[in-house]
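Trainee: I should like to understand how the terms used for a protein model follow from their definitions. May we examine one example together?

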Amino acid sequence: MSDLAELCGYRIELLVQGFPGKSLENGGLGWSSVVLLRGQGRVILVDTGSFSVRRTLLARLAERGLSRHDVTDVLLTHAHYDHMMNWTLFPNASVAIGAAELDHALSEPIETSLGAELYVSALAASPQLRRLTPGEEALPGLTAIEAPGHTPHHLVFVLDDGSARVILAADAVKNRAELLAVSGVSTQDSAASATTIARIGALWRERPGAILVCGHDLPLVNDGADGTYLGARRAGILCWFGAEPGDTRQIALVAASECPPEQGPTA
Ligand SMILES: [Zn+2]
């Protein structure tokens, strides 16, 4: 995974890449971005992914000499299952989420909610919980701004030292297509999403070189145009379509333009 920036006293890394895709027949895919910040005496995760990414998350922390016990702070953008389920991995962390977002998640009907209800209710009762208010400095150098639409009280975290800017947008701007079209899909309020995407897009365009970390895509650098992806996409699935376990097929989940020349989209 890639280093994103050194900013506001933090080394900022993309620990897990988000992926701009949706499963058609088998339930949600939910491959979301997880960001690690180290500095100011803290180890911070912004979002923690879904249950399925747990081993990957721990392995990527271990590659950096970190265990789950070293994480001091978790910042959650919203209460959806694919962004928050692993908060329980970090017993020494303060776990912050927007107060209104948490209250909304607690009140949602189970049939339609993307919230992981038991993880949400456990967080609400946990001494680790810290309730955030929009506009507050969530941690030194990280400002929480409310970004409604995808959920009514989704938070976006912004780092800015006066010359550089990193925007941790999560599902307020899920992917590059939403950014460029100024329109969100899978949103609880389409009009609010469009307003939010326009506002976050303006924050990103205001600063040359600013980095936008989408919830389900590669990060985008402001190049003065439509944005340049930071890093190479890595996503794929291994399939057992054959008659024995060694007979596998790898399917790379990348755009045709992202494939090495010798390799097609399926390899
Ligand atoms: Zn979401």
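Trainee: What makes residues of domain 1 and domain 2 count as being in contact?

Mentor: Contact requires heavy atoms within 4.5 Å; by that rule, four residues of domain 1 touch six residues of domain 2. The model is predicted, with local features needing pLDDT of at least 70, side-chain atom pairs pLDDT 80 or more, and totals for chains, interfaces and linings using all residues. Residues are numbered from 1 along each chain as its sequence is written, and side-chain values use heavy atoms, without hydrogens and water.

Trainee: How do you know that R233 forms a salt bridge with E258?

Mentor: The term demands a side-chain nitrogen of Lys or Arg within 4 Å of a carboxyl oxygen of Asp or Glu. In R233 and E258 the closest N and O atoms are 2.9 Å apart, so the pair qualifies. The rule finds one salt bridge across this interface.

Trainee: Which residues are the protein donors of the zinc ion?

Mentor: They are H78 (NE2), H80 (ND1), H150 (NE2) and D171 (OD), at 2.1 to 2.3 Å. Donors are N, O and S atoms within 2.8 Å of the metal (3.2 Å for Na, K and Ca), and water is not among the atoms, so sites may look incomplete.

Trainee: Why is the arrangement of the four donor atoms called irregular?

Mentor: Four donors are tetrahedral if all angles lie between 85 and 135 degrees, and square planar if opposite donors are over 155 degrees apart and all others between 65 and 115; anything else is irregular. Here the angles run from 87 to 173 degrees, which makes the arrangement irregular.

Trainee: Are H80 and D171 buried or exposed?

Mentor: Both are buried, meaning under 20% relative accessible area, whereas exposed means over 50% and partly exposed in between (1.4 Å probe, protein chains only).

Terms used: Four donors count as tetrahedral if all angles lie between 85 and 135 degrees; four count as square planar and six as octahedral if opposite donors are over 155 degrees apart and all others between 65 and 115; anything else is irregular.
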